[in-house]
Amino acid sequence: MKLTPEQEAVVARDLTPGEVLKVIAFAGTGKTTTLVRYAAARPRMRFLYVAFNKSVQLEAAARFPANVVCKTSHALAFARFGVKHRQRLVPGFKANTVMQALGLDGYEAAKFTIDTLMNYLVSADARVGKRHIPFVCRQYFEALKRPMPDVVALANRLGRLMCTAENPEIGMLHDGYLKLFQLSRPRLGYDCILLDEAQDINPVTAEVILSQPETPKILVGDPNQQIYSFRGAQNSLARVKSSETLYLTGSFRFHAKIAAVANLVLEHFKGEKKKLRGLRKKRADRGGGPKTIIARTNAKVFDEAVAQTRRGKTVGFVGGLNGYRFNRVLDVYRLLQREPHQIRDPYIRSFPAFGEMEAYARAVEDREMMSLCKVVQNHRHQIPMQVRAIIEKAVDEKQADVILTTAHKAKGLEWSEVTLADDFPDLVVGGKPISREDLEADEFNLIYVSLTRAMDHLRLAPGCSLQALLAYARQQEAPKAPAA
């Protein structure tokens, strides 16, 4: 594959000890290919490629030359600290378990304790502090006119239980052993570090990488694809000083019309000055493959799954059916129906009634639980039948008539034909685009990420917020009538 001049400029750039090079790589611009060529051009150097997640790491390991070690940050930490806790690893803490372990009298205090600990674990800080308390925690107790518990002390207690195994119900989190690794101030021992998806790296990972003083580093990413702020991710590309910043703006994924829509979003809502260029040739045919529907929320994915199965379509779910937790939809429905003996999930079963779970989800801004409540309220008594139909019609993505995914799960993927659902936030209100301050930056980024998954055909569902933005842009471009 012939490199673009932008890619060639990156590959040709030699680094001195400790130097940092930033590469801003827009959607589909061949950043991994560029890094592969960079490493291949320097066969005597030993590289560490740090990937955002396991799937990216496995794909990278198959592409990079032998002088590159491909790891996730958690894999780096596991060998030193995770292996000691491998029998007690858990994906997360439940509020009811923490409530019992710490002797608390409410789910809310337990949830805020978990959130405070999690904010600390993904930070670069040495100790838990007030800065790690979520803002919604203060709001919640102020609204109730009740004193806020000492959640910093509670988070410290929970962290000690996590590390010491004193309570068998409290296991070790993956972010827990990564934090222990960062606090140990490790020396990684490579000639150069390649940090991919740098816009979505959290501070604890950034600290591990950037604290290697003599090692040159290449930070690659796209600030406009930062979509994990809610997990503590911070744009390392913006925060780190570098000797030079290079750009990759030519996208091999899609053609000029899709690039134009992406530029419209970036210009209006992100203030982006650089222009994304579509290098792919436009195809006139629709192809014969499945169409992919990208939704903002799990609730909309459920709605779309119901609609498609009613039409007799087979559906594939990006990441697998289990990732959408339709069994939990059934459990929440059973809670609404006051059938606790039928509920499998112990966390959902711990709530005495649907109304209490819904109120709790709103109070602590538990997005997943709020989404579950919305699905149950929308579909009610049809849910058991609908879940059965979805499971019956679910197939592997390669065999599906329709592929369904959320915007977050779509990151890093691409399809020939993509339709954006109608549950993204409004971009035009009162005939004018909203201001950048009206939404969190991640929401604009999710729209950009979603539309740039399309390779040949980008469709917009009726009511999709991009429809109004395109109409506004066409209106602005229309020739003005001469004054009388």
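**Exercise 1. Decide whether Arg380 is buried, partly exposed or exposed, and describe its backbone and surroundings.**

Solution. Arg380 has a relative accessible area of 40%, and because the partly exposed class lies between under 20% for buried and over 50% for exposed, Arg380 counts as partly exposed. This assignment, like every other one here, refers to a predicted model. The next step is to place the residue along the chain: Arg380 sits in the loop that joins α17 (367-379) to α18 (383-393). Its backbone then deserves a look, since most residues other than glycine have a negative phi. Arg380 is not a glycine, yet its phi is positive, at about 45°.

**Exercise 2. Carry out the analysis for Arg325, stating where it lies and what its phi is.**

Solution. Begin with the location, which is the loop between β12 (315-317) and α14 (326-336). The backbone of Arg325 has a positive phi of about 50°, although this residue is not a glycine. Finally, with a relative accessibility of 39%, Arg325 counts as partly exposed.

**Exercise 3. Find which residues Val375 touches, and determine whether Val375 is buried or exposed.**

Solution. Val375 belongs to helix α17, and its relative accessibility of 3% places it in the buried class, for which the cut-off is under 20%. Once residues up to four places away in sequence are set aside, Val375 touches Ala299, Phe302, Val329, Arg380 and Ile383. Arg380, the loop residue of the opening exercise, is thus one of the contacts of Val375. As a check on distance, the C-alpha atoms of Val375 and Ala27 are 32 Å apart in space, with their positions 348 residues apart in sequence.

**Exercise 4. Describe the setting of Thr406 in its strand.**

Solution. Thr406 is part of strand β13, which covers residues 402-406, and at 7% relative accessibility it counts as buried. Its contacts, leaving out neighbours within four places in sequence, are Ile294, Ala295, Thr297, Asn298, Val301 and Tyr324. Leu178, by comparison, is 228 residues from Thr406 along the chain, and the two C-alpha atoms are separated by 27 Å.

**Exercise 5. Establish why helix α10 is described as largely enclosed.**

Solution. The helix runs over residues 203-210, and six of its eight residues are buried, so the rest of the structure largely encloses it. The buried residues of α10 are Pro203, Val204, Thr205, Ala206, Val208 and Ile209.

**Exercise 6. Count the disulfides and examine Cys70 and Cys137.**

Solution. The criterion is a pair of cysteine sulfur atoms within 2.5 Å, and by this rule the count is zero. For Cys70, the nearest cysteine sulfur is that of Cys192, 13 Å away, and Cys70 is in no disulfide. Cys70 is nevertheless buried, with a relative accessible area of 10%, and Cys137 is also buried, at 0% relative accessibility.

**Exercise 7. Assemble an overall picture of the protein from its radius of gyration, surface and charge.**

Solution. For 484 residues, a compact globule would have a radius of gyration near 23 Å, and the 24 Å of the protein agrees with this. The C-alpha trace spans about 60 × 60 × 55 Å along the principal axes, and the secondary structure comprises 21 helices and 17 strands. Buried residues make up 53% of the 484 residues, while the accessible surface comes to about 23200 Å², with 50% of it belonging to carbon and sulfur atoms. Among contacts with a separation of 6 or more, 74% are between residues 24 or more positions apart. Lastly, there are 71 positive and 51 negative side chains, and the centres of the two sets lie 3 Å apart.

Conventions. Residues are numbered from 1 along each chain as its sequence is written. This is a predicted model: local features need pLDDT of at least 70, side-chain atom pairs count only at pLDDT 80 or more; totals for chains, interfaces and linings use all residues. Side-chain values use heavy atoms; hydrogens and water are left out. Helices (H or I, at least four residues) and strands (E, at least two) are DSSP runs, numbered from the N terminus. The radius of gyration is taken over C-alpha atoms; the globule rule is 2.2 Å times the number of residues to the power 0.38. Buried means under 20% relative accessible area, exposed over 50%, partly exposed in between (1.4 Å probe, protein chains only). Contact means heavy atoms within 4.5 Å. Accessible areas come from the Shrake-Rupley method with a 1.4 Å probe; for residues, only the protein chains shown count as cover. Lys and Arg count as positive and Asp and Glu as negative; His and the chain ends are not counted. The place of a charge is taken as NZ of Lys, CZ of Arg, CG of Asp or CD of Glu.
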